[in-house]
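Good morning, and thank you for making time for this presentation. I would ask you to keep the sequence and the structure in view while I speak.

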Amino acid sequence: MAVLGALFAVRGVPPVRPHPRRLRAAAWLAVVGLVVAVAHGGWLMGVGGDSPAMSARLALSPLGTGGMLSLLAVLALTVALAPVPAPAPGTASERARVLALAAHPDADSLAPFAVRADKAYVFSPDGRAAIGYRVLWGTALVGGDPVGARDCAGTAMAAFLATCRRNGWRPAVLGASAPMADRWRQHGLGRRIVIGDEAVLDVATFTLQSRRMRNVRQAVRRTHNAGITVHIGQLGPERLSRLEPVLRAWLHGHGERGFAMNLGWVPEPRPDCVIAVASDRSGMPQAFARFARCAAGRVLTLDVAPRRAGAPNGVVERLIADAVEYSRLCGVTEVSLNFAGFRGVYAGSGLAARGAAALAHLLDGWIKLEPLYRFTAKFHPRWRPRSVLMRSWLDLAWVGAAALRAEFGRTRPAGPVVDDWLPISAPETPR
């Protein structure tokens, strides 16, 4: 009666409709609990009076039958009103719609990553904007900004938050840009933590000839001396599959990881992607980099850049430098590189920065943040802050756990490194 009274008192507050699966689990829990409680009561009454045996059983069962029934009722109610289970990932047709929205001129540089196969989608009422998200432990985690027309982002946000309220999920955003963080704040996601910066190269001004680019220029020259050639273009399924040994060797037996800035399985062809392949004198691939085009072809975004352990030093620098030249020929204005997590920690100086850097090294088991920042900083990019957004600081633990699981949890099992490569003829870079 106390539980029912509490439910009646807050009858207008919970917006969540219990999910049938949760209701079935709660019903089974209630039935099993009732049987256990009755058996518990019979066990207590097995010895009557004030005998020592009765006293011993009561000492072992401080809750009593009524207390156990109340506890089981609360457990059943908790299961019944738990957040709705994670939805199935978006369908192929939905991903095709999102891919088309990623080509919109207003699209963010992270828009291609919304087409990951593990994301579900919410669209604005007019279909001109979409939000990709994944539900983990009751947290609906959005990756990046809304995809599509900027003037429809607000209605897409409202649709996403309504979906979260209806299903009992706590909303959060991973990798929000500064302009969109302000818009999310208007919709209730007012708590913000800057978690790092996206590195962006401006194609028109990028050059290897400046004094500050000396280290990158020397790295690129070493690959030329080693006989490395780079071809950039789209690859079909067969050619992509021949790059898989490079990917497997680079992963060292681990599965692929990523969420906010990762496209997913490399050997799957994508119409919005180009791949730069670095080959040695014999034609064997030593490294490759996959880039996705978005924002009406104005932006090229780096996905992954695997390399063999024995590849010449500087091969990744060569892939990036050649990709910028490719972009210059193709009318691309911006190349987005890696995300430098906690960049301010590594770029700063002083005791506080060193202490924060030591704490950041706790993530080295999943990703080595400092070497990634040092590598990216060699290109002297423009830094674009990215943030985590949430409703309340009380959500921080749940959101942090969901973000770590999404980014560093294995998304695809690793396989054996089988190098069955045969020489292939890669498409030539446009001249």
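At what angle do α6 and helix α7 pack, and how far apart are their axes? This is a predicted model, and in it α6 and α7, the latter spanning residues 178–186, pack at an angle of about 50°, with their axes 10 Å apart. That angle makes α6 oblique to α7, because it falls in neither the 65 to 115 degree range counted as roughly perpendicular nor the range under 35 degrees counted as roughly parallel. The crossing of the two helices is right-handed.

The residues that form this contact can be listed. From α6 come A153, G154, M157, F160 and L161, and they meet M180, R183 and W184 of α7. Sorted by class, the contact of α6 with α7 has six nonpolar residues, one polar and one charged.

Let me stay with α6 for a moment. This helix covers residues 153–167, and T155 lies in it. Is T155 buried, exposed or partly exposed? Its relative accessibility is 39%, so T155 counts as partly exposed, the class between the 20% and 50% cut-offs. Setting aside residues up to four places away in sequence, T155 touches S124 and P125. The C-alpha atoms of T155 and G127 are separated by 9.9 Å, and these two residues are 28 apart along the chain.

I turn now to a second helix pair. Helix α8, residues 214–225, packs against helix α11, residues 315–330, at an angle of about 100°, and the axes are 8 Å apart. The two helices are therefore roughly perpendicular to each other. On the α8 side the contact is made by V216, A219, V220, T223 and H224, and on the α11 side by V315, E317, R318 and A321. In the contact of α8 with α11, five residues are nonpolar, two are polar and two are charged.

The loop that leads into α8 also deserves attention. M213 lies in the loop between β6, residues 191–202, and α8. With a relative accessibility of 2%, M213 counts as buried. Which residues does M213 contact, leaving aside its neighbours within four places in sequence? They are F206, T207, L208, K378, F379 and H380. As for K378, it is 165 residues from M213 in sequence, while the C-alpha to C-alpha distance in space is 7.2 Å.

Next, the strands. A276 lies in strand β8, which runs over residues 273–279. A276 has a relative accessible area of 0% and is therefore buried. Beyond its neighbours within four places in sequence, A276 is in contact with V230, H231, I232, A287, F288, A289 and L319. The C-alpha atoms of A276 and R290 are separated by 6.5 Å, with these positions 14 residues apart in the numbering of the chain.

Some backbone detail follows. Most residues other than glycine have a negative phi. Where do A295 and A296 stand in this respect? Phi of A295 is near 55°, a positive value in a residue other than glycine. A296 likewise is not a glycine, and its phi is positive at about 60°. A295 is placed in the loop between β9, residues 285–294, and β10, residues 299–304, and A296 lies in that loop between β9 and β10 too. A295 has 0% relative accessibility, so it counts as buried.

On cysteines, I can be brief. How many disulfides are counted? The count comes to zero, the criterion being a pair of cysteine sulfur atoms within 2.5 Å. C164 is buried, with a relative accessible area of 2%, and C294 also counts as buried, at 1% relative accessibility.

At the start of the chain, M1 lies in the segment before α1, which covers residues 2–9. M1 has 84% relative accessibility and so counts as exposed. The C-alpha atoms of M1 and S70 are separated by 9.5 Å, and the two residues are 69 apart along the chain.

I close with the chain as a whole. The protein chain has 15 helices and 12 strands. Of its 431 residues, 46% are buried. Among contacts with a separation of 6 or more, 76% join residues 24 or more positions apart. Thank you for your attention.

Note on methods:
Residues are numbered from 1 along each chain as its sequence is written. This is a predicted model: local features need pLDDT of at least 70, side-chain atom pairs count only at pLDDT 80 or more; totals for chains, interfaces and linings use all residues. Side-chain values use heavy atoms; hydrogens and water are left out. Helices (H or I, at least four residues) and strands (E, at least two) are DSSP runs, numbered from the N terminus. Buried means under 20% relative accessible area, exposed over 50%, partly exposed in between (1.4 Å probe, protein chains only). Contact means heavy atoms within 4.5 Å. Axes are lines fitted to C-alpha atoms, for helices over the stretch in contact, and angles run from 0 to 180 degrees between N-to-C directions. Angles under 35 degrees count as roughly parallel, over 145 as roughly antiparallel, 65 to 115 as roughly perpendicular and the rest as oblique. A crossing is left-handed if the near helix is turned anticlockwise from the far one by less than a right angle, and right-handed if clockwise. Ala, Val, Leu, Ile, Met, Phe, Trp, Tyr, Cys and Pro count as nonpolar, Asp, Glu, Lys and Arg as charged, and the others, Gly among them, as polar.
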